[in-house]
Amino acid sequence: MATQNESSPEQDPVQAAAHIASARQILKALQEKIGEHPELGAAITKLEMALNVLAVKTGGLL
């Protein structure tokens with residue numbers, strides 16, 4: 001029997017997408033504060049790619 005703390009498999013990609021979107025926003029805000037930086041740009045790109053992979057795996061149901 002599942003407890004309230006356990007999430008269903010259908011919710012895991014949605015939660016992951018929310019975390020990725022939040023991380024992207026934080027990195028973008030940091031980039032605005034300190035200016036362009038290659039490592040920040042790379043991190044943002046990787047987050048966007050991960051979000052796209054999740055979207056494909058969930059059939060765009062994010």
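How many of the residues in the chain are buried, as a percentage? Buried residues make up 16% of the 62 residues in this chain. Keep in mind as you look that this is a predicted model. The legends below start with the whole chain and then move in.

**View 1. The whole chain has two helices and zero strands.** Welcome to the overview! The accessible surface of the chain comes to about 5,000 Å², and carbon and sulfur atoms hold 59% of that surface. Now think about which residues touch which. Among contacts with a separation of 6 or more, 47% join residues 24 or more positions apart.

**View 2. Helix H2 runs through residues 38-57.** Try following H2 from one end to the other: its 20 residues reach 29 Å from the first C-alpha to the last. That is close to the 28 Å expected at 1.5 Å a residue. Just after the helix, look for Gly59, which follows H2 and has a positive phi near 70 degrees.

**View 3. H2 has buried residues and, on the other side, exposed ones.** Which residues of H2 are buried? They are Leu40, Ile44, Leu47 and Leu54. Looking down the axis of H2, you would find these buried residues within an arc of 80 degrees, so they line one face of the helix. On the other side of H2, the exposed residues are Pro38, Glu39, Lys46, Met49, Val56 and Lys57.

**View 4. Gln31 is a buried residue in helix H1.** Helix H1 covers residues 11-34, and Gln31 is part of it. Why does Gln31 count as buried? Its relative accessibility is 9%, and the cut-off for buried is under 20%. Now see what surrounds this residue. Leaving aside residues up to four places away in sequence, Gln31 touches Glu36, His37, Leu40, Gly41 and Ile44. Two of these names may look familiar, since Leu40 and Ile44 are among the buried residues of H2. With Glu36 there is also a polar contact of 3.2 Å, joining the side chains of Gln31 and Glu36.

**View 5. Arg24 and Glu48 form a salt bridge.** The structure holds one salt bridge, and here you can see it up close. The closest N and O atoms of Glu48 and Arg24 are 2.7 Å apart. This pair links distant parts of the chain, with Glu48 in helix H2 and Arg24 in helix H1, 24 residues apart. Are these two residues buried, partly exposed or exposed? Glu48 is partly exposed, with a relative accessible area of 30%. Arg24 also counts as partly exposed, at 29% relative accessibility.

**View 6. Leu54 sits in helix H2 and is buried.** We met Leu54 earlier in the list of buried residues of H2. Its relative accessibility is 16%. Now find Ala16 and compare its place in the sequence with that of Leu54: the two are 38 residues apart along the chain. In space, their C-alpha atoms are separated by 8.1 Å.

**View 7. His19 is an exposed residue of helix H1.** Is His19 buried or exposed? At 60% relative accessibility, His19 counts as exposed. Leu47, by contrast, is one of the buried residues of H2. His19 and Leu47 lie 28 residues apart along the chain, and their C-alpha atoms are separated by 9.8 Å.

Key
Residues are numbered from 1 along each chain as its sequence is written. Side-chain values use heavy atoms; hydrogens and water are left out. Helices (H or I, at least four residues) and strands (E, at least two) are DSSP runs, numbered from the N terminus. Buried means under 20% relative accessible area, exposed over 50%, partly exposed in between (1.4 Å probe, protein chains only). A polar contact is a pair of N or O atoms within 3.5 Å; within protein, one must be able to donate a hydrogen and the other to accept it, and residues adjacent in sequence count only if both atoms are side-chain atoms. Contact means heavy atoms within 4.5 Å. Accessible areas come from the Shrake-Rupley method with a 1.4 Å probe; for residues, only the protein chains shown count as cover. The expected span of a helix is 1.5 Å times one less than its number of residues. The arc is that of the directions from the helix axis to the C-beta atoms. A salt bridge is a side-chain nitrogen of Lys or Arg within 4 Å of a carboxyl oxygen of Asp or Glu.
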